Amino acid sequence: MASGMISEGILIIASIIVAGLITGIVVSKVGTFEGYYTATTEAQKDKMLSKFEIIHVSQLNSTSVNAWVKNTGLTPIKGLGSSDLYFGPITSVDFVGYSTGTTPQWIFNGTSVDSVWSQGDTIQITIQDDSSLQSSTSYLVQLTISNGESDDYIFSVP
């Protein structure tokens, strides 16, 4: 009878240890899932609150245009240097590098790439193409910021 109680005691202790191990594994996986969920939620929140609009584009000279872009979102936009710009006739739009030193290129006018683009602010972008803009041709300007939010604007050269 005493040996039966000892056997039951050993089994109870072993069961408690196994239950503790399983609980530890489950809790650590829940923590990992929570971290992933939090990061995903923050990224979605950032994208939802970050909005901007290309409000006007005009020809500057035979190879360049100015674009004015307004932050219409509910949050400041950071990392302007990580933005991507696409420009060209609608039938052949190409990626344009930021301040490459050779054309085609684009630059911020009066704004640093390290600047924070505050809510309601309008920034000016100059796009320099490597060929002359053609009259009676429709052109596309598309700006995409680092979180994937983008806007485009179609205009024609008179």
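## An eight-stranded open sheet and a helix

In this predicted model, 8 strands form an open sheet. Their order is E1-E2-E6-E5-E4-E3-E7-E8, and the pairing is mixed. E1 and E8 stand at the edges. Each has a single partner strand, so one side of each is left without a neighbour in the sheet. Direction ignored, neighbouring strands of this sheet are turned by 30° against each other on average.

Start at the E1 edge. Strand E1 covers residues 52-59, and strand E2 covers residues 64-71. The two pair in the antiparallel sense over 7 bridges. A hairpin of 4 residues joins E1 to E2. One bridge can be picked out by its residues: glutamine 59 has valine 65 in E2 as its partner.

Now go to the other end of the strand order, where E3, E7 and E8 stand side by side. Strand E7 holds residues 138-144. Of its 7 residues, 5 are buried, so E7 is largely enclosed by the rest of the structure. On one hand E7 pairs with strand E3, residues 84-89. This pairing is antiparallel and runs over 6 bridges. Within it, leucine 85 has leucine 143 in E7 as its bridge partner.

E7 also pairs with strand E8, residues 150-156. Here too the sense is antiparallel, with 7 bridges. Tyrosine 139 stands opposite phenylalanine 155 in E8. The hairpin of E7 and E8 has 5 residues between the strands. In that hairpin, glycine 148 takes a positive phi near 95°.

The rings come next. A search of the whole structure finds 8 aromatic pairs. One of them joins tyrosine 86 and phenylalanine 95. Their centres are 5.6 Å apart, with 65° between the planes, and the pair is edge-to-face. Why does tyrosine 86 count as partly exposed? Its relative accessibility is 28%, and the partly exposed class lies between 20% and 50%. Phenylalanine 95 is also partly exposed, with a relative accessible area of 46%.

Another pair is stacked: phenylalanine 87 with phenylalanine 155. The centres lie 6.5 Å apart, and the planes differ by 20°. Phenylalanine 87 lies in strand E3 and phenylalanine 155 in strand E8, so the pair ties together parts that are 68 residues apart in sequence. Are these two rings buried or exposed? Phenylalanine 87 counts as buried at 4% relative accessibility. Phenylalanine 155 is buried as well, with a relative accessible area of 7%. Ring pairs link Phe87, Tyr139 and Phe155 into a cluster. Two members of this cluster have already appeared together, since tyrosine 139 stands opposite phenylalanine 155 in the pairing with E8.

Charge adds another contact. Side chains of opposite charge can pair when their charged atoms come close. How many salt bridges does the model contain? The count comes to 1. Glutamate 149 forms the salt bridge with lysine 51, and the closest N and O atoms are 3.5 Å apart. That value falls within the 4 Å cut-off for a salt bridge. The pair links distant parts of the chain, 98 residues apart. Glutamate 149 is in the loop between E7 and E8, while lysine 51 is in the loop between H1 and E1. The two partners fall into separate accessibility classes. Glutamate 149 is buried, with a relative accessible area of 14%. Lysine 51 counts as partly exposed at 35% relative accessibility.

Two surface sites remain. Helix H1 takes in residues 2-49, and valine 18 has its place there. Valine 18 is partly exposed, with a relative accessible area of 45%. Together with Ile22, Val26 and Val30, Val18 makes a nonpolar surface patch of about 340 Å².

The other site is serine 136, found in the loop between strand E6 (122-128) and E7. What accessibility class does serine 136 have? It counts as exposed, at 73% relative accessibility; the class begins over 50%. The C-alpha atoms of serine 136 and aspartate 94 are separated by 19 Å. Along the chain these two residues are 42 residues apart.

How values were computed
Residues numbered from 1 in each chain as written. Predicted model: local features only at pLDDT ≥ 70, side-chain atom pairs only at ≥ 80, totals over all residues. Heavy atoms only, no water. Patch = residues over 30% accessible without salt bridge, like charges linked within 9 Å, V, L, I, M, F, W, Y side chains within 5 Å. Areas by Shrake-Rupley, 256 points an atom, 1.4 Å probe, with all protein chains shown as cover. Salt bridge = Lys/Arg side-chain N within 4 Å of Asp/Glu carboxyl O. Buried < 20%, exposed > 50% of the residue type's maximum accessible area, 1.4 Å probe, protein only. Pairing = 2+ DSSP bridges. Axes fitted to C-alpha atoms, helices over the stretch in contact; angles between N-to-C directions. Phe/Tyr/Trp six-rings, centres within 6.5 Å; stacked < 30°, edge-to-face > 60°.
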